[in-house]
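Work through the exercises below with the model open. Try each task before reading its solution.

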Amino acid sequence: MSAREWLGKDFYRELGVSSDASTDEIKKAYRKLARENHPDANPGNEEAERTFKAVSEAYGVLSDPDKRREYDEARRLFGSGGPGGFHFPGGGGTGGPGGAGGPGGFDLGDIFGQQPAGGAGGAGGGFGGLGDMLGNLFGRRGGATTSATRGQRGSDVETDVRIDFAEAVRGATLPLRLSSPATCGTCAGNGARPGTSPRTCPTCQGAGLVNRSQGAFAFSEPCRDCRGRGTVVDDPCPECAGEGVSTRTRTLTVRIPPGVNDNQRIRLAGQGEPGRGGATAGDLYVRVHVNPHPVFGRSGDDITVTLPVDFSELALGTTVVVPTLDDRVSVRIAPGTSSGRVLRVRGKGIGKRDGTQGDLLVTLRVVVPPTLDEQAGEALRSYADAVATHDPRPEITALLRDRE
């Protein structure tokens with residue numbers, strides 16, 4: 001891609017974000033657009049394919065802090081067009097009403113202070129710092145051509161798993177089946193039919209880049225014959241059609257750590273989509289969903305349980321047996337304990353990273369029988385007569401008395 005074409009693009013508009021968007025906002029916008037316009041999801045849709053390539057190109061620049069800084073600087077200096085626009089030596093202008101060399105316009109050659117092609121220093125010999133900045137964007141640095149193309153890191157992938165409450169507490173190892181792009185197993189990623197090999201591209205001599213001059217500019221761009229790969233496949237692999245990447249089902253073993261939270265993500269480095277041009281693969285994020293337990297709950301590193309009790313057990317005191325996730329424990333209820341009291345059993349919760357354990361929190365809740373036989377009813381009436389002088393709600397009684 002030429003300097004003129006690059007500066008003429010608005011990568012922020014391609015992704016639908018503002019120029020001051022954060023890295024996370026750019027990443028989120030790219031993922032959404034790439035997922036909606038991916039060729040696999042839109043077979044035969046040329047418009048979706050063009051959009052996918054455009055957002056991928058935009059993300060490739062804006063996701064790289066150095067490239068984004070240089071791109072923003074170039075836009076501030078030239079890309080905005082200004083009232084008079086700007087002019088590329090060797091033909092054509094762009095920008096505002098002044099056009100090439102018009103009123104208020106300016107010539108990039110004047111800013112760079114370049115020498116004529118073939119003069120001392122060669123094309124671009126006098127670019128200085130600004131020329132170096134644009135050279136970083138367009139594949140040249142200080143007039144030197146890169147020797148190899150820069151690969152594109154594979155996309156991150158996210159999937160979901162659902163586990164039981166006990167597995168979330170103790171941890172688990174799960175097999176995970178994925179159908180996703182991966183390095184082709186037939187050709188090992190080189191794109192050639194087994195028994196054959198890709199050959200070095202004769203146009204770029206395997207560099208993946210070709211040098212091109214335009215007026216005073218000399219820069220590199222991806223080779224069109226090999227699409228920047230540096231090699232040409234004469235006999236494509238039947239599985240991946242020469243792409244080196246195919247969709248296949250694979251099984252991974254995922255280790256769920258003890259104490260994982262519901263909706264927590266676990267990162268598996270390098271298990272996402274494979275990279276292009278020898279670049280690293282993306283990451284796989286496994287989002288964990290925990291099924292609720294019919295008895296136990298969770299509060300941080302503590303396990304919670306609600307224990308139904310009779311009124312007499314709270315009033316007279318007793319010892320009750322409480323289940324834990326693994327076994328059982330005995331808990332002493334002191335006489336006169338109120339309903340709703342929380343008793344703590346040390347070390348029966350979730351394991352922490354420092355090797356200690358959370359606790360089991362037992363909440364006592366009085367359960368009232370829906371019906372009483374004659375003997376139980378008579379006993380309760382006798383009890384009510386015995387405590388008739390005791391007011392269980394003195395604050396409420398005082399408030400009502402004040403309002404009489």
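**Exercise 1. The pocket lining**

Task: List the residues that line the second largest pocket of this predicted model, then sort them by chemistry.

Solution.
Step 1. Collect the lining: Asp310, Phe311, Ser312, Val366, Val367, Val368, Pro369, Leu372, Ala376, Leu380 and Tyr383.
Step 2. Look for elements that give two or more residues to this lining: helix H9 (311–316) and H10 qualify.
Step 3. Rank the contributions. H10 gives the most, with three residues.
Step 4. Sort by chemistry. The lining has nine nonpolar residues, one polar and one charged.
Step 5. Add the volume: the second largest pocket holds about 270 Å³.

**Exercise 2. Tyr383 and a surface patch**

Task: Find where Tyr383 lies, decide whether Tyr383 is buried, partly exposed or exposed, and name its patch partners.

Solution.
Step 1. Place the residue. Tyr383 sits in helix H10, which spans residues 374–386.
Step 2. Classify it. Its relative accessibility is 40%, and partly exposed covers the range between under 20% (buried) and over 50% (exposed), so Tyr383 counts as partly exposed.
Step 3. Find the patch. Phe311, Leu372, Leu380 and Tyr383 make a nonpolar surface patch of about 390 Å².
Step 4. Link back to the pocket. Phe311, Leu372, Leu380 and Tyr383 are also among the lining residues of the second largest pocket.

**Exercise 3. Two positive phi angles**

Task: For Gln205 and Asn263, give the phi angle, the loop and the exposure class.

Solution.
Step 1. Take Gln205. Its phi is positive, about 60 degrees, although Gln205 is not a glycine.
Step 2. Locate Gln205: the loop between strand E8 (199–200) and strand E9 (209–214).
Step 3. Classify Gln205. Its relative accessibility is 61%, and the cut-off for exposed is over 50%, so Gln205 counts as exposed.
Step 4. Take Asn263. Its phi is also positive, about 75 degrees, and Asn263 is not a glycine.
Step 5. Locate Asn263: the loop between strand E12 (245–256) and strand E13 (265–268).
Step 6. Classify Asn263. Its relative accessible area is 41%, so Asn263 is partly exposed.

**Exercise 4. Asp301 and a distant partner in sequence**

Task: Place Asp301, classify its exposure, and give the C-alpha separation between Asp301 and Gly351.

Solution.
Step 1. Asp301 is in the loop that joins strand E15 (296–299) to strand E16 (302–309).
Step 2. With 32% relative accessibility, Asp301 counts as partly exposed.
Step 3. Asp301 and Gly351 are 50 residues apart along the chain, and 7.2 Å separates their C-alpha atoms.

Terms used: Residues are numbered from 1 along each chain as its sequence is written. This is a predicted model: local features need pLDDT of at least 70, side-chain atom pairs count only at pLDDT 80 or more; totals for chains, interfaces and linings use all residues. Side-chain values use heavy atoms; hydrogens and water are left out. Patches are made of residues with over 30% relative accessible area and no salt bridge: like charges are joined within 9 Å, nonpolar side chains (Val, Leu, Ile, Met, Phe, Trp, Tyr) within 5 Å. Accessible areas come from the Shrake-Rupley method with a 1.4 Å probe; for residues, only the protein chains shown count as cover. A salt bridge is a side-chain nitrogen of Lys or Arg within 4 Å of a carboxyl oxygen of Asp or Glu. Helices (H or I, at least four residues) and strands (E, at least two) are DSSP runs, numbered from the N terminus. Buried means under 20% relative accessible area, exposed over 50%, partly exposed in between (1.4 Å probe, protein chains only). On a 1 Å grid over the protein atoms alone, a cavity is a set of points where a 1.4 Å probe fits but cannot get out, and a pocket is an open set with protein on both sides within 12 Å along at least five of seven lines; lining residues have an atom within 4 Å of a point. Grid points are joined across faces, edges and corners, and a volume is the space filled by probe spheres set on the points. Ala, Val, Leu, Ile, Met, Phe, Trp, Tyr, Cys and Pro count as nonpolar, Asp, Glu, Lys and Arg as charged, and the others, Gly among them, as polar.
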